Amino acid sequence: MAMFSHAVRALIPIALEFMGASAAGGQQGSLPLHIRWKSGIYGPLEKENADSILKEELIMANLALWDLVKDLKGPKYKWVDLTHELSPETPHWYGFKPLEATKLFDYAEGTPEDMLAPMRCFQVSVASQYGTHVDVPRHFWGDGRPMNEITVQELVYPLVVIDKSRECAENPDFMLTVDDIQAWEAEYGKIPEGAFVAFRSDWHKKPNLDNPDESGVPHYPGWDINAIKWLVEERNIGAIGHEPADTDPGFVTTKEGAYPYPGEQYILQVDRIQIEVMRNLDQLPPVGAMIVCAFPKLKDGVGFPARCFAICPVD
């Protein structure tokens, strides 16, 4: 049935163009040749030159994506990098060592002979969940999908941004709830199916993501597990993202017996991905943007530093 409906949709433009020409007095010559060819309507000279004419028309028809890319890179849209720079200084979860890079080969003058080469290369050692990164289901679930099973369609989403930066500034232990999401929908409309829902807290501006108090206890915002469940069960979202290094707020992750963290465990259990340690969500509108999340196709991988960016209309 799905294949049939796709076929019908594909024929609709042809039928409409043909009908339009007939209504104009049967001027089939005004129709593109590839449409008349499918309908058996063409003249002798056109038949002789059909190959070259068809090729030209089909090439023009197949340039739509090129035109789309040109349009997206034009003045009507802006591109926003949502990724922290990757270095030993990159914000990361407290349990990970900073990134390490060992030079293997170099072309610079003075390079030891056993390292001298026409290129510069490094051996990089970094935790899988370091900096801006993706978590895939295998991160918390042994039978969950690893990185190499995440499809390319799961790298692009319509982007929803729920801004709770003011609340997080007033209360660093803020937790995003179902009520917050429903209030957002009352103002901006229903969250679309398959969306990437990002929780803006402006936490990327903090010098220390843990934001510890004088006693060293972390204080950072996060998701209420019931809010994530609502998004999955009621809106069938594709993914979530946030600026802190954890899905759950600090007062949840620091409780005795909190691990595995409930919100993070749930979103991965339901076979979604998430992006953590995001930045620049303050540069995006609540609705109307798209997000691209790029990361390696690592066999059996549970996560990896990611390069994420958004495209949205210029204000």
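Helices α7 (residues 178-188) and α8 make a good starting point: their axes, lines fitted to C-alpha atoms over the stretch in contact, come within 8 Å and cross at roughly 50 degrees. The two helices are therefore oblique to each other, the class left over once angles under 35 degrees count as roughly parallel, over 145 as roughly antiparallel and 65 to 115 as roughly perpendicular. Angles run from 0 to 180 degrees between N-to-C directions. At this crossing, V178, I181, Q182 and E185 of α7 meet N226, A227, W230, L231 and R235 of α8, where contact means heavy atoms within 4.5 Å.

Keep in mind that this is a predicted model, in which local features need pLDDT of at least 70 and side-chain atom pairs count only at pLDDT 80 or more, while totals for chains, interfaces and linings use all residues. Residues are numbered from 1 along each chain as its sequence is written, and side-chain values use heavy atoms, with hydrogens and water left out.

From α8 we can move on to helix α10 (residues 262-269), where G263, E264, Y266, I267 and L268 are buried, meaning under 20% relative accessible area with a 1.4 Å probe and protein chains only. Those buried residues pack against α8 (225-235), and also against β4 (133-135), β9 (239-242) and β10 (273-276). After α10 comes D271, with a positive phi near 65 degrees.

Helix α5 (residues 64-72) holds L65 as well as L72. L65 counts as exposed at 62% relative accessibility, the cut-off being over 50%. L72, in contrast, is buried, with a relative accessible area of 15%. Setting aside residues up to four places away in sequence, L72 touches Y77, W79 and I311.

Definitions and conventions:
Helices (H or I, at least four residues) and strands (E, at least two) are DSSP runs, numbered from the N terminus.
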